[in-house]
Amino acid sequence: MTADTHSRIRRLTDVRRGELIEARSGQTILRGTVYDTAPGVGLVWIRLEASHARRAVQSEDFTLWHVRDQAA
């Protein structure tokens, strides 16, 4: 991870549907596309890259990161 490819999400209001993000907690890293958000309750739903399953992520339990396109 470098500052060029990832940036920390500090407010869920900065997250938009369709963005690629990572959610990290200890050794757990979930990477996927934002499906929906509920900033008022601290939730973001993502579609995981690996399995294409939907997963709810609680912002209190994970740090969230925007993933920038390395080709750009």
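This note goes through a predicted model of one protein, from the overall fold down to single residues.

1. Overall make-up. The protein has 72 residues, of which 33% are buried. Its secondary structure consists of 6 strands and 0 helices. Read from the N terminus, the order of elements is therefore simply β-β-β-β-β-β. The protein exposes about 4,800 Å², and carbon and sulfur atoms supply 46% of that area. Among contacts between residues at least 6 apart in sequence, 44% join residues at least 24 apart.

2. The sheet. The 6 strands form an open sheet, and their pairing is antiparallel. In what order do the strands lie in the sheet? The order is S1-S6-S2-S3-S4-S5. The edge strands are S1, at residues 6–9, and S5, at residues 54–58; each of them pairs on one side only. From one strand to the next, the twist averages 45 degrees.

3. The pairing of S3 with S4. Strand S3 covers residues 28–38 and strand S4 covers residues 43–48; they pair in the antiparallel sense over 6 bridges. Two of the partners can be named. Ala 38 has Leu 43 in S4 as its bridge partner, and Asp 36 has Trp 45 in S4. The two strands form a hairpin with 4 residues between them. In this turn, Gly 42 has a positive phi of about 75 degrees.

4. The pairing of S4 with S5. S4 also runs antiparallel to S5, and 5 bridges join the two. Val 44 has Val 57 in S5 as its bridge partner, while Trp 45 stands opposite Ala 56 in S5. Here too the strands form a hairpin, with 5 residues between them. His 52, in the turn, has a positive phi of about 65 degrees. Trp 45 is thus a residue to look at in both pairings: Asp 36 is its bridge partner, and Ala 56 in S5 stands opposite Trp 45.

5. The nonpolar core. The largest nonpolar core has 13 residues. Which of them touch the most other members? They are Ile 21, Leu 30, Val 44, Ile 46, Val 57 and Leu 64. S2, S3 and S4 each supply at least two residues of this core. S4 gives the most, with 3 residues.

6. Val 57. This residue lies in strand S5, which is one of the edge strands. Is Val 57 buried or exposed? Val 57 counts as buried because its relative accessibility is 1%, and the cut-off for buried is under 20%. Not counting residues up to four places away in sequence, Val 57 touches Ala 23, Leu 30, Gly 42, Leu 43, Val 44, Ile 46, Phe 62 and Leu 64. Among these, Leu 30, Val 44, Ile 46 and Leu 64 are also named with Val 57 as core residues that touch the most other members. Gly 42, on the same list of contacts, is in the turn between S3 and S4. Val 57 and Trp 45 are 12 residues apart along the chain, and their C-alpha atoms are separated by 6.0 Å.

7. Glu 22. This residue lies in strand S2, which covers residues 20–25. Why does Glu 22 count as buried? Its relative accessibility is 8%, and the cut-off is under 20%. The side chain of Glu 22 makes a polar contact of 3.1 Å with that of Arg 31. Leaving aside neighbours within four places in sequence, Glu 22 is in contact with His 6, Ile 29, Leu 30, Arg 31, Thr 63, Leu 64, Trp 65 and Val 67. Of these contacts, His 6 belongs to the edge strand S1, and Leu 30 and Leu 64 are residues of the largest nonpolar core.

8. Arg 24. Like Glu 22, Arg 24 lies in strand S2. With a relative accessible area of 18%, Arg 24 is buried, since the cut-off is under 20%. A polar contact of 2.6 Å joins the side chain of Arg 24 to that of Glu 22. The side chain of Glu 22 therefore has a polar contact with Arg 24 as well as with Arg 31, and Glu 22 counts as buried. In a regular strand, the side chains alternate between the two faces of the sheet.

How values were computed:
Residues are numbered from 1 along each chain as its sequence is written. This is a predicted model: local features need pLDDT of at least 70, side-chain atom pairs count only at pLDDT 80 or more; totals for chains, interfaces and linings use all residues. Side-chain values use heavy atoms; hydrogens and water are left out. Two strands pair if DSSP finds at least two bridges between them. Axes are lines fitted to C-alpha atoms, for helices over the stretch in contact, and angles run from 0 to 180 degrees between N-to-C directions. Buried means under 20% relative accessible area, exposed over 50%, partly exposed in between (1.4 Å probe, protein chains only). A polar contact is a pair of N or O atoms within 3.5 Å; within protein, one must be able to donate a hydrogen and the other to accept it, and residues adjacent in sequence count only if both atoms are side-chain atoms. Contact means heavy atoms within 4.5 Å. Accessible areas come from the Shrake-Rupley method with a 1.4 Å probe; for residues, only the protein chains shown count as cover. A nonpolar core is a set of buried Ala, Val, Leu, Ile, Met, Phe, Trp, Tyr and Cys residues joined through side-chain atoms within 4.5 Å.
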